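Hi there,

Here is the structure I promised to pass on. Have a look at it first, and my notes on what I found follow below.

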Amino acid sequence: MDKSKLWAIAKNVLKVVITLGAIYWVSTKISLVELKEALQTSNPLFLVLALLTYFFSQMIASSRLNSFFKAIGLQLTERYNFRLYQLGLLYNFFLPGGIGGDGYKIFFLKKNFQISRRQVLGAVFFDRLSGLWALCIIIGALVIFMPRLAIPNAVTIAVLVVGTLSYLYVLRLFFKPFLKSFLATHFKALCVQGLQTLTAIFILYAMHFDGKFSPFLLIFMVSSLVAIVPSIGGAIGLRESVIFSLATYLKLDPHIAVTISLIFYIISLLVASSGIYYIFRPQRLGADKLPSAKEVEEEIEDEE
């Protein structure tokens, strides 16, 4: 076995160990009985609303990615792109972190649409980057509504403005094709993060929470940054570890904070599970058979 394969195996084993370690650590800090009771007593109406807002956020996220695809000349219908996006969501949970849903989509599009991996990689990268930008904007807005943090509003606004201008400058200098659709893609990015914030709000209502929402929303959104790190199982355990630590630091109830995250995880897994349909009906994606994870991993290793 060559060094590249050994390194790939080692990385995946390390991700499994870190994820399992994070899950175990959270389980020692949180009462599982209280979490179970919180889930059992939740208001089902607000849980349904949370599910719907998350689903709509993914529809808009799919459309945002398609806007980046169009910027590189890859013309996909919104319906077809959403089908592929659903499959990618599913694989984000079940493929090794080094591949994930993004890696699978890149491989699939390169193979079926005669487009370079570099172009698709650029589109997927900036799709993620636009999401990160929108996440920072939402986090900044929540910081402004939390005077207890003692961060001057002028500082928060200045950081967001300078960050946005720097981002625009880099796009203009090196990635002009994506600059043309900046307003459309980044408006969609804000809608995605806004709907996911609303999802968290509905979860809080479902839990019959009647305190201040902004501190819990802030740590929930900050913990979303963990999704950027390659992991297994949709970052289960890692996100909850971050949330528990932030809740403890801000003197919030960690049980409430972790419950929000776990319910959100269940909702995202339910939505991602819709991608199972295309495993059994790959013809809906214009393929007789979907590539295996091994094929994708070997392709990535060869290009590295």
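**A serine to start with**

Ser67 sits in helix α3; helices here are DSSP runs of H or I with at least four residues, strands are runs of E with at least two, and both are numbered from the N terminus. Ser67 is buried, with a relative accessibility of 14%. Buried stands for under 20% relative accessible area, exposed for over 50%, and partly exposed for what lies in between (1.4 Å probe, protein chains only). Setting aside neighbours within four places in sequence, Ser67 touches Ser181, Thr185 and Lys188, where contact means heavy atoms within 4.5 Å.

**How the values were made**

Please keep in mind that this is a predicted model: local features need pLDDT of at least 70, side-chain atom pairs count only at pLDDT 80 or more, and totals for chains, interfaces and linings use all residues. Residues are numbered from 1 along each chain as its sequence is written, and side-chain values use heavy atoms, with hydrogens and water left out.

**The overall picture**

The protein has 14 helices and 0 strands. Of its 304 residues, 48% are buried. Taking contacts between residues at least 6 apart in sequence, 76% join residues at least 24 apart. The exposed area of the protein is about 15,800 Å², and carbon and sulfur atoms supply 68% of it; the areas come from the Shrake-Rupley method with a 1.4 Å probe, and for residues only the protein chains shown count as cover.

**Two helix crossings**

Two packed helices are described by the angle between their axes and the distance between the axes. For α3 and α12, the axes come within 10 Å and cross at roughly 55°. The axes are lines fitted to C-alpha atoms, for helices over the stretch in contact, with angles from 0 to 180 degrees between N-to-C directions. That angle makes α3 oblique to α12: under 35 degrees counts as roughly parallel, over 145 as roughly antiparallel, 65 to 115 as roughly perpendicular, and the rest as oblique. The crossing of α3 and α12 is right-handed, which applies if the near helix is turned clockwise from the far one by less than a right angle, while anticlockwise would be left-handed. On the α3 side, Leu47, Ala50, Leu51, Tyr54, Phe55 and Gln58 meet Ile263, Phe264, Ile267, Ser268, Leu270 and Val271 of α12.

The axes of α6 and α9 come within 8 Å and cross at roughly 55°, so α6 is oblique to α9. This crossing of α6 and α9 is right-handed. The residues of α6 that take part are Ser130, Gly131, Trp133, Ala134, Leu135, Ile137 and Ile138, and they meet His186, Ala189, Leu190, Gln193, Gly194 and Thr197 in α9.

**An enclosed helix**

Which helix is largely enclosed by the rest of the structure? Helix α10 (residues 214–223) is, because 9 of its 10 residues are buried. Those buried residues are Ser214, Pro215, Phe216, Leu217, Leu218, Ile219, Phe220, Met221 and Ser223. Their cover includes α6, α9, α11 and α12.

**Aromatic rings**

The structure holds 18 aromatic pairs. Rings of Phe, Tyr and Trp (its six-membered ring) pair if their centres lie within 6.5 Å; planes under 30 degrees apart count as stacked, over 60 as edge-to-face and the rest as tilted. The rings of Phe55 and Phe82 are edge-to-face, because their centres are 6.0 Å apart and their planes at 85°. This pair links distant parts of the chain, with Phe55 in α3 and Phe82 in α4, 27 residues apart. Phe55 is partly exposed at 27% relative accessibility, whereas Phe82 is buried at 17%.

Phe209 and Phe213 form a tilted pair, 5.6 Å centre to centre with 40° between the planes. Phe209 is buried at 17% relative accessibility, and Phe213 is buried at 17%. Both belong to one aromatic cluster with Phe46, Phe202, Tyr205 and Phe216.

**Two backbone oddities**

Most residues other than glycine have a negative phi. Ala150, although not a glycine, has a positive phi of about 60°. Ala150 lies in the loop between α6 and α7 and is exposed at 63% relative accessibility. Lys251 also has a positive phi of about 60° without being a glycine. Lys251 is found in the loop between α11 and α12 and is exposed, with a relative accessible area of 74%.

Happy exploring, and best wishes!
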